[in-house]
Amino acid sequence: MTAPRLSRPSPRLLTMGVAVVLALGLLGEGGATNATASAAPIATASADAAPTAQRGLRFAPAASTVEAYNYDGWVYFDSGVWLAAYGEGYEFWAKKAKPSARATLTKTVIRGDERTTTKAPAAIVDGLDGFKKGLTVQVTDSTGKVLVKKSRSLCLSGTERQRVEPTGNTEPIYPMFCGGDWFTKSAVSGIEQGWATKLDTYFELKTTRKNLRMTVTISDPVADFLGLPAGSRSVSQRVKVIDECTVVDCGEVGDALLGAPVEGFSTLAEGDAASAHADEVRALASGAHGSHGDGAGTSHRANLFTLQGGSQEHGGDHPALGQPGSKPSNKAPAEDTLPDLLSLPAWQIGIERSSGADRLTFNANEWNAGPAPLVVEGYRKGSAEVMDAYQFFYRDGKEVGSTRTGKMKYHAAPEHDHWHFLDFASYELVKPDGTLVTTSGKQSWCLAPTNAVDLSVPGATWRPEATGLDSTCGDRSALWLREVLPVGWGDTYNQTQTQAFKLTGVKNGTYQIKITVNPNGALHELTTDNNVSYRTVVLGGKPGKRTVTVPPYEGVDTEIVN
């Protein structure tokens, strides 16, 4: 998926933050960078200007200068520009009827109980990622020479939100990202009344010039659709370039982590030696799509995910603190307290050579269509590294029941070192007639919401990170933990190395990757009729040089870059 980049002053500061995050399993948002709203590309507004009383989307006023950081000839910019919703809220829905269909995008203006919905022209829709080429950043030097001018999709959700007037919601309700994966059905974004979101303007530029000006512009076709006045579609700022080594230590440790930046618009850690870590943390902080895998950091990321427990239709309040618990029971729980677990077809399928064998790698995702969250808790038994697992049932954010549902076990393998719930899913390679060929080496999971699959289903959680039920994988000393899958969200795992299908002795030919969620029926859910998915693959080649061909699924080729 496409998610807004975190606003950070430089790659070095981010990389240092990554090291801390991966060590502690925690992440906090950084402070905002000042920017200036203006009525024209060059003119700047006063920092003391009051928020406009005019209703609608407008740039929020701020200071006139933004700081950029120079390191090794590269300057790292982030304008810190905010777009605010005054007097009314804005909600955007991107939906796809099927994986191969073009996404449609609608805008709903919310004024109290009144909602007015308008469909966006197809020419300005960038799939699930927002508005196509809706945001342009330009940097000029003191002579007015354009050093860089780049455009990207405009996402009107972001990791950083601030209030601009004492009206509307007390907390944001929309997700912190736009976009989706191959099988995402719907995505919602927006700016709540009285709130502002920071636009994604981060980029890198190789230059030695110091006196620079940065201009951020929303394109006319997009601005027309959003209702921005013709004279207020740009923000211009003076740029103060600071040598980063005067702010932080430019020692050998930082140099070992940093790689060469990428010119123009680029994600912060592209080309980094630390890119796997940085991408992981960036996805976590933004609530973006992520995945489990064998890479470092997977034992920490689940601590940052949380689960909706509120009573509002979307984005509700935290579960009541100190509410009474429930006694375990063997009675069948009510249907409105149950999840509905589904498996998506495998994607991003490939061949790798690992531990002396050819292996078939793939991504797998199991998700919850609701109407209630999946909540599983583990309670340790003595000193053994085993926990009794219980499934808990919630209604309107309150716990209403629980029952025994299996086991959790400590997974001591390298780069895991956390607790897994057993038998959540099964991965099998089968022949077209269903005959089992081989199974994946993965038989246990730490559940957490990594991917929003369909946020339009009843009870969907829009902001898992803002609610009160934490999902955590725990450490070796844990006595208790909670793993969750909120409504509308799935959990992606990358099946590589020993978790992939070993192809030794498997003949060339046509097979299917069979994914089954809740294979043993241990979890209570609304129905088991939709628990199995299949993806056709064709194996070829010779040992050491095996190949795989993956036919499109419902008209979509998932093996190309999304």
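Why does Leu479 count as exposed? Leu479 counts as exposed because its relative accessibility is 63%; exposed means over 50% relative accessible area, buried under 20%, and partly exposed in between (1.4 Å probe, protein chains only).

The model is predicted, so local features need pLDDT of at least 70, side-chain atom pairs count only at pLDDT 80 or more, and totals for chains, interfaces and linings use all residues. Residues are numbered from 1 along each chain as its sequence is written, and side-chain values use heavy atoms, with hydrogens and water left out.

Leu479 lies in the loop between β28 (469–470) and β29 (480–485); strands are DSSP runs (E, at least two residues), numbered from the N terminus.

An open sheet of four strands follows the order β7-β6-β5-β11 with antiparallel pairing; two strands pair if DSSP finds at least two bridges between them. Its edge strands, each pairing on one side only, are β7 (114–119) and β11 (186–191). From one strand to the next the twist averages 20 degrees, where axes are lines fitted to C-alpha atoms and angles run from 0 to 180 degrees between N-to-C directions.

Strand β23 (residues 418–422) is largely enclosed by the rest of the structure, because four of its five residues are buried. Antiparallel pairings, including two that involve β23, are tabulated below.

| Pair | Bridges | Opposed residues |
|---|---|---|
| β6 (residues 104–111) and β7 | six bridges | Thr106 and Lys119 |
| β22 (residues 398–411) and β23 | four bridges | Lys409 and His420 |
| β23 and β26 (residues 444–445) | two bridges | Phe421 and Trp445 |
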